[in-house]
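Trainee: I have the sequence and the structure open. Can we go through them together, one question at a time?

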Amino acid sequence: MSIRIKLLLSFTGMLVISLLVFVFTACLFTIATTGDIHGVRDFYKVHYQINPLTEQEESIFLELKYLAKNEPDELQDKELLTEYDFKLRTVRAGLYVRRENDQVFESNTMNQPELEANLPPYDLNNNQIRNTLNIGERFYAYAKYDFRYTDGARGSVYVIRERSPFGEVTRRLLPVLVLSLVGIAIVGNVLLYRWITRSVVKPLNTLRNSAEHIKEGNLQFSLDLHSRDEIGQLNEAFEDMRKRLYESIQLRLRDEENRKELISNISHDLRTPITNIKGYIEGIRDGVADTPEKMNKYVNIIYTKTMDLDKLVDELFLYSKLDLKQVPFLFEHVDIIDFINDCIDEQRYVLEEKGIRLEWEARTGQSVQVVADLEKLKRVLLNIIGNAQNFMDKQHKIIHVSAVLSPEWVTVEIRDNGMGIDPEAIPNIFERFYRAEASRNSTMGGSGLGLAIASQIIEGHGGQIWAESELGVGTSLYFTLKRATRKEAR
Ligand SMILES: Nc1ncnc2c1ncn2[C@@H]1O[C@H](COP(=O)(O)OP(=O)(O)O)[C@@H](O)[C@H]1O
Ligand SMILES: [Mg+2]
């Protein structure tokens, strides 16, 4: 069953129940006011015409009627009439007696000067004993009996009771009132039903349509989030889900793209040395290397190329393992200053051979403890120093290493006065296989994995790595490591 139908049923149910309750209450109310179960039944009949008087009034009236039939002259006896009137007055009714056109007795409680003029004419057959009459705004119910006095004169006896005119009006208006109440209830229900369907069913339908969209793989839409109710929250959650799904799909597509690019890069980088090696080996096979010098040269080239290949595969392997977080870090407490000292000493001789001056300045002047994997950290340092010497284009070649301390961190800077990096290229140099345009076509660069590996390693240490450079002036590479607290250091 759809929500729409359920709502319709529940609204109709409510309507029926409220109408029943209304009718029941009305019945109870009538019983309570008239004190008579028949009152309910008579509600729509002109109750007062049939039964204008209460039981007590009625019994007094019957006595008077009896008197009028049997001893009509008694109804001229003022004393007797006053007595009856007194009885009637205790039940808030009044007595009126007339003889021909004269008034014999009128209750002084009546207070209605026009009563006489408004009474019905004589009807000795007494066809209608009980009736109502209006005088101006006032409304009366009465029972009367017409008779003849013994001398033949016509007479009437009335027991009259004033009724609330509102009662009459209400009684007349009641059907209209009930109908309009029912109408209001129905219209209200219809409006409420429309309101609920609009605020519940419609958004649900939108949600369902969105789900259909998603099922078909279309995630590039957005839901209107108007309402703040539960449906609104549901829509919000759904919209959130759509965004995340969209993001994750985008991410997957990007990863896929990356993977393709990686494979194409790897195959390209592997192919170049292999083609070279193949070429030289073919040269040897075809007898191009016909002298021992040539042969020696060919073999040397093949050897160098094979070494390059070996290095490339090694770097690739390391990079992919770092990327997959499969390389364990062997952390230990070390003095980073001591460590840099050792590395510099190791490199100084090789670099000086190439005419590069290696300066090392530890501005700290103290030992600085860090938690690090020394072998990997050395790789970082050598990669950076390697770049500095590879991309060197000056006469006076200088590589300057320094370390600066902050309370929590130690920052190592490796500055060179080489060719520098194009500012636009700087954000990319830590990406795998990335080589700035200047080095791409030259023999200077390597695989483009050096800084990617360095970045992975520093991140593995919880540090940061970045570069600052000025084209033609030089480059600074920085990395930070967290200092170990004394307790950790021990
Ligand atoms: N010290 C430097 N001076 C100039 N360019 C540099 C320097 N270090 C890195 N680069 C640029 O960053 C690129 C990426 O470096 P790297 O990842 O080590 O790859 P590779 O050295 O194999 O080319 C280099 O190709 C080069 O263009
Ligand atoms: Mg490099």
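**Charges, patches and a covered helix**

Trainee: What is the relative accessible area of Glu 346?

Mentor: Glu 346 counts as partly exposed. That class lies between buried, under 20% relative accessible area, and exposed, over 50% (1.4 Å probe, protein chains only). The relative accessible area of Glu 346 is 44%.

Trainee: What kind of model is this, and how is it numbered?

Mentor: Residues are numbered from 1 along each chain as written, and chains are lettered from A and ligands numbered from 1 in written order. Side-chain values use heavy atoms, without hydrogens or water; local features need pLDDT of at least 70, side-chain atom pairs need 80 or more, while totals for chains, interfaces and linings use all residues, since this is a predicted model.

Trainee: Which residue forms a salt bridge with Glu 346?

Mentor: A salt bridge is a side-chain nitrogen of Lys or Arg within 4 Å of a carboxyl oxygen of Asp or Glu. Here the closest N and O atoms are 3.0 Å apart. Glu 346 lies in helix α10 (residues 336-353) and its partner in helix α11, so the pair ties together parts 32 residues apart in sequence. The partner is Lys 378.

Trainee: How far apart in sequence are the parts tied together by Asp 269 and Arg 435?

Mentor: Asp 269 forms a salt bridge with Arg 435, with the closest N and O atoms 3.2 Å apart. Asp 269 sits in helix α8 (residues 230-285) and Arg 435 in the loop between β10 (409-416) and α12 (437-440), so the pair ties together parts that are apart by 166 residues.

Trainee: Asp 269: buried or exposed, and at what relative accessible area?

Mentor: Its partner Arg 435 is buried, at 17%. Asp 269 is buried too, with a relative accessible area of 11%.

Trainee: Which residue meets Arg 432 in a salt bridge?

Mentor: The N to O distance is 4.0 Å. Arg 432 is in the loop between β10 and α12, and its partner, 109 residues apart, is in helix α9. The partner is Asp 323.

Trainee: Which two helices each supply at least two residues of the nonpolar patch?

Mentor: Patches take residues with over 30% relative accessible area and no salt bridge; nonpolar side chains (Val, Leu, Ile, Met, Phe, Trp, Tyr) are joined within 5 Å, like charges within 9 Å. Phe 22, Val 23, Leu 181 and Ile 184 form the nonpolar one, with about 360 Å² of accessible area together (Shrake-Rupley, 1.4 Å probe). Helices are DSSP runs (H or I, at least four residues), strands likewise (E, at least two), numbered from the N terminus. The two helices are α1 (3-34) and α7 (165-215).

Trainee: How many of the eleven residues of helix α13 are buried?

Mentor: Helix α13 (residues 450-460) is mostly covered. Its buried residues include Gly 450, Ile 453 and Ala 454. They pack against α9 (292-323), α11 (374-390), β11 (465-470) and β12 (474-482). The count of buried residues is nine.

Trainee: Which residue of helix α11 touches Gly 450, Ile 453 and Ala 454?

Mentor: Contact means heavy atoms within 4.5 Å. The residue is buried, with a relative accessible area of 15%. Leaving aside residues up to four places away in sequence, the one touching these three is Asn 383.

Trainee: Which residue just after α13 takes a positive phi?

Mentor: The phi is about 80 degrees. The residue is Gly 462.
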